[in-house]
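User: I would like to go through this model by question and answer. Please end each reply on the value or name I ask for.

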Amino acid sequence: MRLGKREKLSVSLGAAAIALFLIVQFAVFPFLDKREAMKRGIEAKWRGLKEIRLLKAEYDACQRGAEGIQSRLERRAKGFTLFSFLGQAAGTAGVKAHIKYMKPSDSPGDGRLKESMVEMKLDRINLKQLVDYLYLIESPEHVVSIKRLSITDAKGAPGYLDAVMQVVTVVDS
């Protein structure tokens, strides 16, 4: 079969178009898709790296805080107990006679430190006495803090308050 010059040109252009289509379809597009996927992967890795850096900074801050707490615990008097600390502070603030109850409890810890807690109720105290007592017991140098505080009006005693609080500290196990 003999083809004329025009038919040969048409067949050649058709073959070239098919070859170009195949090259674009099976070489260029997959290359561009992989490149785009690689860009997305790199961006995801950068985001992950930034998150890791933020977590590292947070971990370092927690570590410094733990070291600060540990140094305060070491400076605390030997034989320190939260129960006796609260009793002494109550005597200093003049609220010892108003203590209805004090319930100590320890939470089990899995590490070197554990939390010691005392729940106490103060009956018929005025606001100044309560504030003075809270000022004495909220003690960063003794690593003592108030976890929960509930204040109500004292029944039958206008101008007086009842307070139930949970006071916590950290102790070596």
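User: Where does V143 lie?
Analyst: This is a predicted model. V143 is not in a helix or strand but in a loop, and β3 covers residues 144–153. The loop that holds V143 is the one between α3 and β3.

User: Is V143 buried or exposed?
Analyst: The cut-off for buried is under 20% relative accessible area. V143 has a relative accessible area of 13%, so V143 is buried.

User: What is the phi of V143?
Analyst: Most residues other than glycine have a negative phi. V143 is not a glycine, yet its phi is positive, at about 55°.

User: Which residue in strand β2 has a phi near 50°?
Analyst: The residue is not a glycine, although its phi is positive. Its relative accessibility is 42%, so it counts as partly exposed. Its place is in strand β2, and its name is R124.

User: What distance separates N and O in the salt bridge of K100 and D123?
Analyst: Side chains of opposite charge can pair when their charged atoms come close. A salt bridge needs a nitrogen within 4 Å of a carboxyl oxygen. The side chains of K100 and D123 meet in such a bridge, with N to O at 3.8 Å.

User: How many residues apart in sequence are the parts that K100 and D123 tie together?
Analyst: K100 lies in strand β1 (residues 99–106), whereas D123 lies in strand β2 (residues 113–125). K100 counts as exposed, at 54% relative accessibility. The pair therefore ties together parts whose separation in sequence is 23 residues.

User: Which helix holds both K128 and D132?
Analyst: The side chains of K128 and D132 meet in a salt bridge at 2.8 Å, N to O. Because they are four residues apart in a helix, about one helical turn separates them. The helix covers residues 127–137 and is α3.

User: Is K128 exposed or buried, and what is the relative accessible area of D132?
Analyst: K128 is exposed, with a relative accessible area of 58%. D132 is partly exposed, and its relative accessible area is 30%.

User: Which residues are joined into one network by salt bridges that share partners?
Analyst: The structure holds five salt bridges. One of these is the bridge between K100 and D123. Bridges that share partners make one network of K100, K121 and D123.

User: What is the N to O distance in the salt bridge of K56 and D60?
Analyst: Both residues lie in helix α1 (residues 5–75), four residues apart, which is about one turn of the helix. K56 is partly exposed at 48% relative accessibility, and D60 is partly exposed at 25%. Their side chains meet in a salt bridge with an N to O distance of 2.9 Å.

User: How far apart are the end C-alpha atoms of α1?
Analyst: Helix α1 has 71 residues, so at 1.5 Å a residue it should span 105 Å. The distance between its end C-alpha atoms agrees with this, at 102 Å.

User: On which residue is the kink in α1 centred?
Analyst: The kink in α1 is about 35°. Its centre is V24.

User: What accessible area do I23, V28, F29, F31 and L32 have together?
Analyst: These residues form a nonpolar patch on the surface. F29 is found in helix α1, and at 40% relative accessibility F29 counts as partly exposed. Together, the accessible area of the patch is about 460 Å².

Conventions: Residues are numbered from 1 along each chain as its sequence is written. This is a predicted model: local features need pLDDT of at least 70, side-chain atom pairs count only at pLDDT 80 or more; totals for chains, interfaces and linings use all residues. Side-chain values use heavy atoms; hydrogens and water are left out. Helices (H or I, at least four residues) and strands (E, at least two) are DSSP runs, numbered from the N terminus. Buried means under 20% relative accessible area, exposed over 50%, partly exposed in between (1.4 Å probe, protein chains only). The expected span of a helix is 1.5 Å times one less than its number of residues. The bend at a residue is the angle between axes fitted to the seven residues ending there and the seven starting there. Patches are made of residues with over 30% relative accessible area and no salt bridge: like charges are joined within 9 Å, nonpolar side chains (Val, Leu, Ile, Met, Phe, Trp, Tyr) within 5 Å. Accessible areas come from the Shrake-Rupley method with a 1.4 Å probe; for residues, only the protein chains shown count as cover.
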